[in-house]
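Grab a viewer and something to scribble on. Below are a few short exercises, each with its solution worked through.

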Amino acid sequence: SLTLSFDTRDNRLFPTSGHYHVVATELAGKWLGSELDFYRFNVNLHYYKPLFWKLVLKLNGRLGYITSSNPNGVPLAERFFPGGIYTLRGFQYRSLGPQVDIPNNGSDPFSPGSSFPIGGNKQVILNVEIEFPIFPQAGLKGVLFADAGNAWGHSENFFYVNNPEDKIPDAYLMGSGRRIKPPLGMYYSFGFGFRWYSPIGLLRFEWGIPITKRRPDDRAIQFEFTIGAF
């Protein structure tokens, strides 16, 4: 693996201004003694800017691509699975990207099926945040955010460009439930949360609301909690 980074943040743990950009490549092959065979390329872009009233604007962008010379394709465990508090809030963990329908009863191929995520070999993730102080003395802050992104399979292009419309999965609009194709080939959400810089680390409590649902019965709001920075 090889990683190049550019960092001008004013604080590595609690940044309020500056840039943090990372370009990383990873190579695995049998000639290296690996059981897996793939090549991965990632670009992560982060930008922080202080605004008025101690508000902080945070922008995150993530681009990923992985390929393999193996006839079976990219190993399942190495693919991209967006969804969840570290990628697209408002969606269940690892729920976005290519999926296949499998029967619920493995012994009956005609039984009702359900979707099983198989991940993609390309992904784009975009996050916009406004962070603001609530109780600075205790390290308590609030956040408003908007997320967008998706993952695409080997036979799909970024943003479904030039892919047949019948091969593009549906999305369902918040509120009306109207079925549409994902705008620009991505899924969208917004929400709010609280962050407490506690003695044991950063605690994040965030509620995400999907604007375009993957399935009509997806939750209208998704709560997530974690310990650690973005």
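The exercises look at a strand, its neighbours and some aromatic rings in this predicted model.

**Exercise 1.** Work out which strands pair with strand 12, and in which sense.

*Solution.* Start with strand 11 (residues 187–198): ten bridges join it to strand 12, and the two run antiparallel. They form a hairpin, with two residues between them. For the register, check R195, which stands opposite R204 in strand 12. Next comes strand 14 (residues 222–227), which pairs with strand 12 over six bridges, again in the antiparallel sense. Here E206 stands opposite E224.

**Exercise 2.** Decide whether strand 12 is largely enclosed or not.

*Solution.* Take residues 201–210 and apply the cut-off: buried means under 20% relative accessible area. Seven of the ten residues pass, so strand 12 is largely enclosed by the rest of the structure.

**Exercise 3.** Classify the ring pairs F158–F159 and F205–F225.

*Solution.* The structure has eleven aromatic pairs. In one of them, the F158 and F159 ring centres are 6.3 Å apart with planes at 45°, so call that pair tilted. F158 is partly exposed at 25% relative accessibility, and F159 is partly exposed at 35%. F205 and F225 also make a tilted pair, with 5.0 Å centre to centre and 35° between the planes. Since F205 lies in strand 12 and F225 in strand 14, this pair ties together parts 20 residues apart in sequence.

**Exercise 4.** Find which ring the charged end of R9 sits over.

*Solution.* Look at Y20: the charged end of R9 sits over that ring, 4.0 Å from its centre. Now try R94, whose charged end sits over the ring of F81, 4.0 Å from the centre.

Methods. Residues numbered from 1 in each chain as written. Predicted model: local features only at pLDDT ≥ 70, side-chain atom pairs only at ≥ 80, totals over all residues. Heavy atoms only, no water. Buried < 20%, exposed > 50% of the residue type's maximum accessible area, 1.4 Å probe, protein only. Helix = DSSP H or I, 4+ residues; strand = E, 2+ residues; numbered from the N terminus. Pairing = 2+ DSSP bridges. Phe/Tyr/Trp six-rings, centres within 6.5 Å; stacked < 30°, edge-to-face > 60°. Lys NZ or Arg CZ within 6 Å of the ring centre and 35° of its normal.
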